[in-house]
Amino acid sequence: MASPMEHEPHGAHQTKKATASGWIGSALEYYDFFIYATAASLIFPQIFFPSTDPKVAIIASLATYGVGYVARPIGAFFLGHWGDTHGRKTVLLVCMFLMGFSTMAVGILPTYQQVGWLAPALLVALRLVQGFAVAGEISGASSMILEHAPFGRRGFFSSFTLQGVQAGQILAAAVFLPLAHYMDKDSFNSWGWRIPFLLSFVVIIAGYIIRRQVAETPAFAEEGEHGEVPKAPVVRAITESWRDMLRVVCCSLMNVIPVVTTIFGAAYAVQPGYGINFEKDVYLWIPVLGNIVAVLVIPFVGNLSDKIGRRPPVIVGALLSGLLAFGYLYAISIHNVPLAIAMSLLMWGVVYQGYNAIFPSFYPEMFPTRTRVSGMAISQNLGTLVTALLPALFVAVAPPGSTGIPLKIGAITFAITLIATLAAWSARETYRVHLNDLGDPNAVPVPKPEYDRMRAQSIAEARLAKASA
């Protein structure tokens, strides 16, 4: 009988360093990504577009935010290729520098009043770079952590990638909202809004210091030693793993839940045309509160997936969050602020994490080492791109003045989560499959009793190492 170690890559596994690198890198990159989203709503319509028609300026500003999602599939092709041919560490450094410098550049852009239409043109160009860069972050960081993690604990450690993403959104709000609240309007509009963008210089320095200390993963290093690094990983991923890529596209439609919560739900609650008229300040805090809850929940769900598998939390999280969308939208329709907040926190902050905490291990485990970053990056970003179009669909189906909005939008949301559920149900269970066997449809999982023993041994060794440190 073959030793279990023959199915795991040899070499030093820097689990803690890789996890810290993935967490902090994701937090810093998504800090950059989300300060742009905040600024696009609060300030960019006034300074980067003509002031003659405020409605057009708002639409144009939000459109520049959407441009970032258009660029993500393009970035996924290039950065996925880079991650599978040059290594996980290299692609993460590339992503970080692209994101950091493009975000910092937004902070020094001239305004429309200074250079006319050149200002929004430059803004769009930098947003394209941001979207391009972020496309490789989650797939690269997830693969890095997964390949450094001990067998039996991949779900737990990989979940920190998404905990970092949520923390980055909290950090963005923590920097931006106090400036917008406490600075006088003229100062904020002239220079105060630039501060969060210029702070991206810190992102570049901190991210580089942390990520350069992490060695390339043993799995990727072994691929290189055996001459198995593909020249065209994108083509190979599509030809060998197209079914799993399609599953990831469908599962990634779960991004409909944050779309319903923070985009359509907010518009439904505060826009005068819908007649609900919640206070805007209430909905500025929903993403912050939701992300705080998510940061606490994510590691527990990741650990649970190492005990019972990846598919059960994803399936339950998808179905229940889809059903809770009805309740959330209904709470808004009856103007019940406490119930709306409670439903959003339950739907997004807790139940949705059954999917959100698991996909950083669930997705890369579908693919072999040689095409892991490409397979995940391309398919996940294609699915996310589809969900970026959903706010426009929701408004078309349920425009201001229409009736039955909770039922209409809730039904669409649940149908989308049902697609994700079926895709997850059709996938192979991978939590008991050794790393070198991932991506092989015929791989034999480790028997549950043996897996539990190996997992318990990994946990005991980690505790012993911590105690002796």
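The radius of gyration is taken over C-alpha atoms, and the globule rule is 2.2 Å times the number of residues to the power 0.38. For the protein, which is a predicted model, this rule gives a radius of gyration near 23 Å for a compact globule of 469 residues; the value computed for the protein is 22 Å, which agrees. The C-alpha trace spans about 75 × 45 × 45 Å along its principal axes.

The secondary structure consists of 23 helices, with zero strands. Among contacts in the protein with a separation of 6 or more, 83% join residues 24 or more positions apart.

Of the 469 residues, 55% count as buried. The largest nonpolar core holds 97 residues, and within this core F44, F48, W193, F197, F362 and Y363 touch the most other members. Helix α1 (residues 15-42) supplies the largest share of this core, namely ten residues. The surroundings of W193 illustrate these packing relations: with its neighbours within four places in sequence left aside, W193 is in contact with I43, F44, I47, F48, V106, F176 and F188. A second core, separate from the largest, comprises eight residues, including L79, L92, C95 and A141.

Turning to the surface, the accessible area of the protein amounts to about 19100 Å², and carbon and sulfur atoms account for 70% of this area. The protein carries 31 positive and 27 negative charges, and the mean positions of these two sets lie 3 Å apart.

Key. Residues numbered from 1 in each chain as written. Predicted model: local features only at pLDDT ≥ 70, side-chain atom pairs only at ≥ 80, totals over all residues. Heavy atoms only, no water. Helix = DSSP H or I, 4+ residues; strand = E, 2+ residues; numbered from the N terminus. Buried < 20%, exposed > 50% of the residue type's maximum accessible area, 1.4 Å probe, protein only. Contact = heavy atoms within 4.5 Å. Areas by Shrake-Rupley, 256 points an atom, 1.4 Å probe, with all protein chains shown as cover. Lys, Arg positive; Asp, Glu negative; His and termini not counted. Charge placed at Lys NZ, Arg CZ, Asp CG, Glu CD. Core = buried A, V, L, I, M, F, W, Y, C linked by side-chain atoms within 4.5 Å.
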